[in-house]
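Open your viewer, switch on the cartoon view and keep the selection box handy. We'll hop from spot to spot, and at each stop I'll tell you what to click.

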Amino acid sequence: MKKVAIPGVSGKKQGLHVCSTCGNYSEHQTHISLCPICDNQIYLRKKNSLQKTWALLITAIIFIIPANVYPITYLLKNNILYPDTIFSGIISLVDSDMIGIAIIVFVASILVPILKIFALIFILLAVQLRWRLSATKQLLIFTFVDWIGRWSILDLFVISIMVAVFDKGNLLSVYPGIAATSFTIVVITTLFAAHSFDTRLIWDAQTLTDTQNNNIQER
Amino acid sequence: MTSEIPDIKTGHTAKCIRCERVIYNNSACHPSAMLALCLSALIISVPAFNQPLISLHLLSITEDTNLIQGALMMIDIAPIVSFVVLFCAVIAPTMLIISIAISSACLTFQYKPSFLPKIFKITRHLIHWSMLEVYMVSLMVAMFKLMNYADLYIGFGFYFFIALLLLNMMIISNYSNHQYWEKYNNL
């Protein structure tokens, strides 16, 4: 028999779970792990969501250091190697009067990854320590971070174009450095971290504090 | 949070009562129209990926650059970077379009294969990884950077790439996984 969902009450309270693939809801039972309609994995909340997100975030934090310290590209000009880090690349853009491009690159490759890591840490802490904050605002931050996060891949695309254009052997060539790989790992891990986070946990944390408070008041 | 989906007119969307995210999109786009869009996107993607995007006149040599070549040239030095660029700019968008084309074709021709749920799942994951619009902005940035060094010409593939980007955006904004599911169940 199929339960009919009551609108306005969370699915978890009603013992219902929604399938992320087909969007149909079904009754939650502990031994069922596949959606009865489409046979894809179904869960009340993403499994180990917080742990996975933390693990990926820590990886990103580790790799963001070499990404900014080591050279991201090498320019080989007349047999001399000129290394360029993310930051020195931006400085040279400012020097050559391309402020607009410099801002785009700065936002995409320095500001966005750092902002994303901090925002995700903030939301994770808020969920875990049950801080009483507006859930809609937390989700707004998360959605913004999730949307802007994909733009940090911009620098990698630029490198790939530069490498292809400057291919003149020892006369003039561009090579990616160690930081390019580190930066790729930062981008990928933060993207996966945002995907592994279940936004419904924000509300779960809020409702839990509500019931706890009610219990205290009743006493 | 459970929300009731009311009967909505085509082109309108239903939002979650708690977080105001779109949960149901009654898109006006029919599977047959989607199939047409996907097929044209697939045809256009061939020249967009292998025709030169930009040509550079440097040291009296004109060099063409296309999308795939750019990613493949770093495969020895930085394989991870190369793979990610290739995946986000070429593989993910193409596979996304192919998977939407397959599901649209099945719905248009009233064919109900058992592998379709897997296709829906793949589509849902790939949507996040298709980054053609980011590539477009990167191309702009690279072009501004290169203007300092040499004469720059916009290649033949550039126009195809813009067309592909527009088609891709149209497909993604009109696609709704849940709607496709309903149609699949009604077959």
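What follows is a short tour, one selection at a time. Before you start, keep in mind that this is a predicted model.

**Stop 1: a small sheet in chain A**

Select strands β3, β4 and β5 of chain A. Together these three strands make an open sheet in the order β4-β3-β5, with antiparallel pairing. Which strands sit at the edges? Those are β4 (80–84) and β5 of chain A, since each pairs on one side only. Going from one strand to the next, the twist averages 20°.

Now zoom in on strand β3, residues 73–77 of chain A. β3 pairs with β4(A) in the antiparallel sense over five bridges. One spot to look for is A:Leu76, whose bridge partner in β4(A) is A:Leu81. Turn to the other neighbour, and you'll find that β3(A) and β5(A) also run antiparallel, joined by five bridges. There, A:Leu75 stands opposite A:Val174 in β5(A).

While you look at the side chains, here is a handy rule: in a regular strand they alternate between the two faces of the sheet.

**Stop 2: A:Val174**

Stay in strand β5 (residues 172–176) of chain A and pick A:Val174. Is A:Val174 buried or exposed? With 9% relative accessibility, A:Val174 counts as buried, because the cut-off for that is under 20%. Its strand is in a similar situation: four of the five residues of β5(A) are buried, so β5(A) is largely enclosed by the rest of the structure.

Show the surroundings of A:Val174 next. Leaving aside residues up to four places away in sequence, A:Val174 touches A:Thr73, A:Tyr74, A:Leu75, A:Met162, A:Val163 and A:Phe166. Try a distance label too: from C-alpha to C-alpha, A:Val174 and A:Ser160 are 9.5 Å apart, and they are 14 residues apart in sequence.

**Stop 3: A:Ser182**

Jump to A:Ser182, which has its place in helix α7 of chain A. A:Ser182 has 4% relative accessibility and counts as buried. What does A:Ser182 touch, not counting residues up to four places away in sequence? You should see A:Phe63, A:Pro66 and A:Ala67.

**Stop 4: aromatic rings**

Time to show the rings. Over all chains, a search of the whole structure finds eight aromatic pairs. Start with A:Phe142 and A:Phe197: their ring centres are 5.3 Å apart and their planes are at 50°, so this pair is tilted. A:Phe142 lies in helix α5 (residues 135–149) of chain A, while A:Phe197 is in the loop between α7 (178–196) and α8 (200–218) of chain A, so the pair ties together parts that are 55 residues apart in sequence. Both A:Phe142 and A:Phe197 are buried.

Next, select B:Phe83 and B:Phe87. This aromatic pair is stacked, at 5.9 Å centre to centre with 25° between the planes. The two are four residues apart in helix α3 (residues 79–108) of chain B, so about one helical turn separates B:Phe83 from B:Phe87. B:Phe87 is partly exposed, with a relative accessible area of 21%. Add A:Phe192 and B:Trp129 to your selection, and you have one aromatic cluster made of A:Phe192, B:Phe83, B:Phe87 and B:Trp129.

**Stop 5: chain B as a whole**

Zoom out and colour chain B by secondary structure. How many helices and strands does chain B have? There are seven helices and five strands. Chain B has 187 residues, and 49% of them count as buried.

**Stop 6: two helices side by side**

Select α5 (residues 132–147) and α6 (residues 156–174) of chain B, which pack at an angle of about 150° with their axes 9 Å apart. α5(B) and α6(B) are therefore roughly antiparallel to each other, and their crossing is left-handed. Where they meet, residues of α5(B) including B:Leu132, B:Tyr135 and B:Met143 face residues of α6(B), among them B:Phe158, B:Phe161 and B:Asn168.

**Stop 7: helix α4 of chain B**

Finish at helix α4 (residues 116–126) of chain B, where the buried residues include B:Leu116, B:Ile119, B:Phe120 and B:Leu126. To see some of what covers the buried residues of α4(B), show α3 and α7 (177–186) of chain B.

Definitions and conventions
Residues are numbered from 1 along each chain as its sequence is written. Chains are lettered from A and ligands numbered from 1 in the order in which they are written. This is a predicted model: local features need pLDDT of at least 70, side-chain atom pairs count only at pLDDT 80 or more; totals for chains, interfaces and linings use all residues. Side-chain values use heavy atoms; hydrogens and water are left out. Buried means under 20% relative accessible area, exposed over 50%, partly exposed in between (1.4 Å probe, protein chains only). Contact means heavy atoms within 4.5 Å. Rings of Phe, Tyr and Trp (its six-membered ring) pair if their centres lie within 6.5 Å; planes under 30 degrees apart count as stacked, over 60 as edge-to-face and the rest as tilted. Two strands pair if DSSP finds at least two bridges between them. Axes are lines fitted to C-alpha atoms, for helices over the stretch in contact, and angles run from 0 to 180 degrees between N-to-C directions. Angles under 35 degrees count as roughly parallel, over 145 as roughly antiparallel, 65 to 115 as roughly perpendicular and the rest as oblique. A crossing is left-handed if the near helix is turned anticlockwise from the far one by less than a right angle, and right-handed if clockwise.
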